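Q: Walk me through one part of this model in close detail, namely how its strands pair up. Then put that part back into the rest of the chain.

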Amino acid sequence: MAGRRHRTGLDLFSLLDMFPNEESAKDWFENIWWSDGRTCGHCGSTNTNPRKNGKPMPYWCKSCRKYFSIKTGTVMQSSKIPMHKWAFAIYQFATGIKGTSSMKLHRDLDITYKCTWHLSHRVREAWNSKESKQLESRFTGETETDETFIGGKEKNKHSKKKLRAGRGTVGKAVVAGVKNRDTNKVNAKVLPGTASVVIEDFVTDNVEKESTVYTDDAKYYSGLKGLDFEHKSVKHSVGEYVNEMAHTNGMESFWALLKRGYIGTYHKMSPKHLDRFVNEFVGRHNIRRLDTVDQMVAITLAMKGKRLKYNDLVSN
């Protein structure tokens, strides 16, 4: 298991010193994305020149003959939000372990709620890959697997929206997760249901064969041994939560944090965007041992090569 280390934080006054103006933020992003030299955000060419007047954009690519800026080819592309406000938003996403609401960003950054809502989802888009979430292709060794259910309670719904099909998990989305005990890294994903084949495919996608997988005694985990995993379980159904090394406490801890974000910060995670919220909590969990500035750098690096247009977010 990875050893603990002292993590260096970043207070708000130091953050203000880092980004006193727009130029300082622009330099910071350029040092991260263009650490090996300026490259075109359209084609990746290094054959570029700055524009004297900075119009229509600060740089010109001789290879593809297009104008570009530091934002081109990142989730910031076409954004009119100043870069120092982007930096502050990244800081809040890195340090807000229970999430940061778009309404809070609207107040803190003094930009419209519509802009902060789009900005928030673009930061989450940065975590939309295993590489961005600091993960290898698959976990090896001892791994915990568990599932949780996200959604409103039937009793709290308007009468027109009640399903009246049962209690507990009815009408809720299924989120499955795995946690590696050696690295403490987590991955999670929204699934279409809890059928055995769906759960088994998720485990196979995230855990190497012949690894030890710890689960509870839910029936949909029963086929893991037949898939070349060493499967050990605890019987939650009879109140057993630890049996020697068999437990899912690591995943339960992650679910607790996700639900604190759901209940206390976001209040609602729509099924359409639930995967983005899950990616946010997974991505932040996996960089939590880094210093705060390094967390911000990790998020910023993951923004490159991704794009999320507003119309794509609101379309059906």
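A: Two strands count as paired here if DSSP finds at least two bridges between them. The strands themselves (E, at least two residues) and the helices (H or I, at least four) are DSSP runs, numbered from the N terminus. A word on the ground rules: this is a predicted model, where local features need pLDDT of at least 70, side-chain atom pairs count only at pLDDT 80 or more, and totals for chains, interfaces and linings use all residues. Residues are numbered from 1 along each chain as its sequence is written, and side-chain values use heavy atoms, with hydrogens and water left out.

Now the pairing. Five strands make an open sheet in the order S6-S5-S4-S7-S8, and their pairing is mixed. At the edges you'll find S6 (186–191) and S8 (230–234); each has a single partner strand, so one side of each has no neighbour in the sheet. From one strand to the next, the twist averages 25°. (Axes are lines fitted to C-alpha atoms, for helices over the stretch in contact, and angles run from 0 to 180 degrees between N-to-C directions.)

Zoom in on the S6 edge. S5 (residues 173–180) and S6 run antiparallel and are joined by six bridges. Val175 faces Val190 of S6 across that pairing. Helix H6 (residues 196–206) packs on this sheet, where it touches S4, S5, S6 and S7 (212–216), and its direction makes about 150° with that of S6. Contact, by the way, means heavy atoms within 4.5 Å. Helix H8 (residues 274–286) lies across S4, S5 and S6 too, running at about 175° to S6.

There's another open sheet, with three strands in the order S1-S2-S3 and antiparallel pairing. Here S1 and S3 (67–68) are the edge strands with a single partner apiece, so each has one side without a neighbour in the sheet. Two bridges hold the antiparallel pair S2 and S3, and Tyr59 has Phe68 in S3 as its bridge partner. In the loop between S1 (48–50) and S2 (59–61) sits Pro56, and the peptide bond leading into Pro56 from Lys55 is cis, with omega near -5°.

Cys61 deserves a look as well. Its nearest cysteine sulfur belongs to Cys43, 3.6 Å away; a disulfide is a pair of cysteine sulfur atoms within 2.5 Å, and the model has zero of them by that rule. The sulfurs of Cys43 and Cys61 don't bond because they are too far apart. Burial sets the two apart: Cys61 is buried at 0% relative accessibility, while Cys43 is partly exposed at 43%. (Buried means under 20% relative accessible area, exposed over 50% and partly exposed in between, with a 1.4 Å probe and protein chains only.)

Away from the sheets, helix H9 (residues 292–303) makes a handy check on geometry. The expected span of a helix is 1.5 Å times one less than its number of residues; for the twelve residues of H9 that gives 16 Å, and the 17 Å between its end C-alpha atoms agrees. Its buried residues include Thr292, Met296, Ile299 and Met303. The buried residues of H9 pack against H1 (12–18), H2 (22–33), H3 (83–95) and H5 (113–125). After H9 comes Gly305, with a positive phi near 85°.

Positive phi also turns up in two residues that aren't glycine. Asp110, with phi near 60°, is in the loop between H4 (102–109) and H5 and is exposed at 65% relative accessibility. Gln134, with phi of about 65°, is in the loop between H5 and S4 (142–150) and is partly exposed at 30%.

Finally, the whole chain. It has ten helices and eight strands, and 46% of its 316 residues count as buried. Its C-alpha trace spans about 70 × 50 × 40 Å along the principal axes. The radius of gyration, taken over C-alpha atoms, can be set against a globule rule of 2.2 Å times the number of residues to the power 0.38; a compact globule with 316 residues would come out near 20 Å, and the chain's 22 Å agrees. As for sequence range, among contacts between residues at least 6 apart, 64% join residues at least 24 apart.
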